[in-house]
Amino acid sequence: MSTTETAPTAAGSGASATEAFRASSGGRAPGQVDHERVSTVVGAVLKGIHQAIRDEEVTYPEFQAAKEYLIEVGEGGEWPLLLDVLVEHVVEEVAARTQTCTKGSILGPYYLPDQARLDTPATLPQRPDEQGTPLVLSGEVRSTDGTPLARAELDMWQADEQGYYSGFAPHLPDGNLRGVVVTDDQGRFEISTIQPAPYQIPTDGPTGGLLEAAGWHPWRPAHLHLMVRAPGHRTVTTQLYFDGGEWLDSDVASATKPELVLKPADRGDGTFTVRYDFTLDPA
Ligand code: DHB
Ligand code: FE
């Protein structure tokens, strides 16, 4: 990853991620608190924390350091980053228990709604001099019974060749490498883009600080994010990775699955192509 003057800071990414999360999550309806559920889940979380303190004989200085750290995460606006990288994969694992569709993966902190709607074949919006190996991803969207899903939406977002996401890095134009691609009458799609670089958790903020303190590397393997939607079907949120890619076996966010690894091939002119079909569960 290059470090230029325009490189996004952890504080910038964190604040933007917090803002984006608040905008997309909507408000919670008042009076809808399920006290029993809160008691059960929060009780279980606390039990886990209490047990870790006993098992590891956590000291007062360590407890105070933890408080200081959690305050910093909030002040840095990094709660979405921290939770998505360390916790979300297990929430996804539980959600996947009721799915038979294409394997899902974590949403992560960098989804932005309402991007350009593009009919297939589509090219994701990009700078005229966008760097990176050209990639064409094509395939079909089908219901789990095999019915092709016409006018399904593939809402896609990805990092650029330096590992940065538009909307979270000030030097990138809004909407860069983001778009909602609509399938044709036979549920087919073809999307031209570039291969993203691996993504590094910002190292200058509290999330990166924790990884460094623990001696864990801050990398995610290169990935494409997709949210696939069709009327009458459950939306699939997933990610696609690249065979042989660095960090594939040690993703800091633990969000890879063997079924989600692409093996693009050079079609002869330096453009890589790959096919991937999606299936959606009926709602
Ligand atoms: C994070 C960033 C990502 O791009 C992603 O896919 C998942 C998590 C993060 O910084 O937490
Ligand atoms: Fe990502």
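Select Leu226 to begin: with a relative accessible area of 0%, this residue is buried, and its place is in strand S9, which covers residues 223-229. The model you are looking at is a predicted one. Show what surrounds Leu226 and, leaving aside its neighbours within four places in sequence, you will find it in contact with Leu154, Asp155, Met156, Trp157, Val236, Thr237, Thr238, Leu240 and Phe278.

**The whole chain**

Zoom out before going further. The protein chain contains 6 helices and 14 strands, and along its principal axes its C-alpha trace spans about 60 × 45 × 35 Å. How does the radius of gyration agree with that of a compact globule? For 283 residues a compact globule would have a value near 19 Å, and the protein chain, at 20 Å, agrees with this. Of those 283 residues, 41% count as buried. Among contacts between residues at least 6 apart in sequence, 75% join residues at least 24 apart.

If you switch on the surface, its accessible area comes to about 15300 Å², and 54% of that belongs to carbon and sulfur atoms. Colouring by charge brings up 21 positive and 41 negative charges, whose mean positions are 7 Å apart.

**From Leu226 to Gly132**

Now draw a distance from Leu226 to Gly132: the two residues are 94 apart in sequence, and their C-alpha atoms are 19 Å apart in space. Gly132 lies in the loop between S2 and S3 and is partly exposed, with a relative accessible area of 25%. Apart from neighbours within four places in sequence, Gly132 is in contact with Glu161 and Ile194. A further distance, from Gly132 to Glu78, gives 29 Å between C-alpha atoms for residues that are 54 apart along the chain.

**The loop between S1 and S2**

Select Thr120 and Pro121 next, and look at the bond between them. Most residues other than glycine have a negative phi, and most peptide bonds are trans. The peptide bond joining Thr120 and Pro121 is cis, with omega at about -5°, and Pro121 has its place in the loop between S1 and S2.

**Arg151, seen twice**

Move to Arg151, which is found in the loop between S3 and S4. Although Arg151 is not a glycine, its phi is positive, at about 60°. Is this residue buried or partly exposed? Its relative accessibility is 45%, and Arg151 therefore counts as partly exposed.

Keep Arg151 selected and add Asp119, since the side chains of these two meet in a salt bridge with an N to O distance of 3.6 Å. The pair links distant parts of the chain, 32 residues apart, with Asp119 in strand S1 (residues 117-119) and Arg151 in the loop between strand S3 (134-143) and strand S4 (153-158).

**Asp160 with Arg127**

Side chains of opposite charge can pair when their charged atoms come close. For another such pair, select Asp160 and Arg127, whose side chains meet in a salt bridge at 3.2 Å, N to O. Asp160 lies in the loop between S4 and strand S5 (178-182), and Arg127 in the loop between strand S2 (122-123) and S3, so that this salt bridge ties together parts 33 residues apart in sequence. Asp160 counts as buried because its relative accessibility is 2%, whereas Arg127, with a relative accessible area of 23%, is partly exposed.

While you are in the loop between S4 and S5, select Leu177, which also has its place there. Leu177 has a positive phi, near 55°, in a residue other than glycine, and it is buried, with a relative accessible area of 1%.

**Further salt bridges**

Select Arg142 and Glu140 next: the two form a salt bridge in which the closest N and O atoms are 3.0 Å apart. Arg142 counts as partly exposed, at 23% relative accessibility. Then select Arg117, Glu153, Asp155 and Arg229 together, because these four residues are linked in a network of salt bridges. One of them, Asp155, is among the contacts of Leu226, the residue where the tour began. The structure holds 14 salt bridges, including the pairs Asp119 with Arg151, Asp160 with Arg127 and Arg142 with Glu140.

How values were computed. Residues are numbered from 1 along each chain as its sequence is written. Chains are lettered from A and ligands numbered from 1 in the order in which they are written. This is a predicted model: local features need pLDDT of at least 70, side-chain atom pairs count only at pLDDT 80 or more; totals for chains, interfaces and linings use all residues. Side-chain values use heavy atoms; hydrogens and water are left out. Helices (H or I, at least four residues) and strands (E, at least two) are DSSP runs, numbered from the N terminus. Buried means under 20% relative accessible area, exposed over 50%, partly exposed in between (1.4 Å probe, protein chains only). The radius of gyration is taken over C-alpha atoms; the globule rule is 2.2 Å times the number of residues to the power 0.38. Contact means heavy atoms within 4.5 Å. Accessible areas come from the Shrake-Rupley method with a 1.4 Å probe; for residues, only the protein chains shown count as cover. Lys and Arg count as positive and Asp and Glu as negative; His and the chain ends are not counted. The place of a charge is taken as NZ of Lys, CZ of Arg, CG of Asp or CD of Glu.
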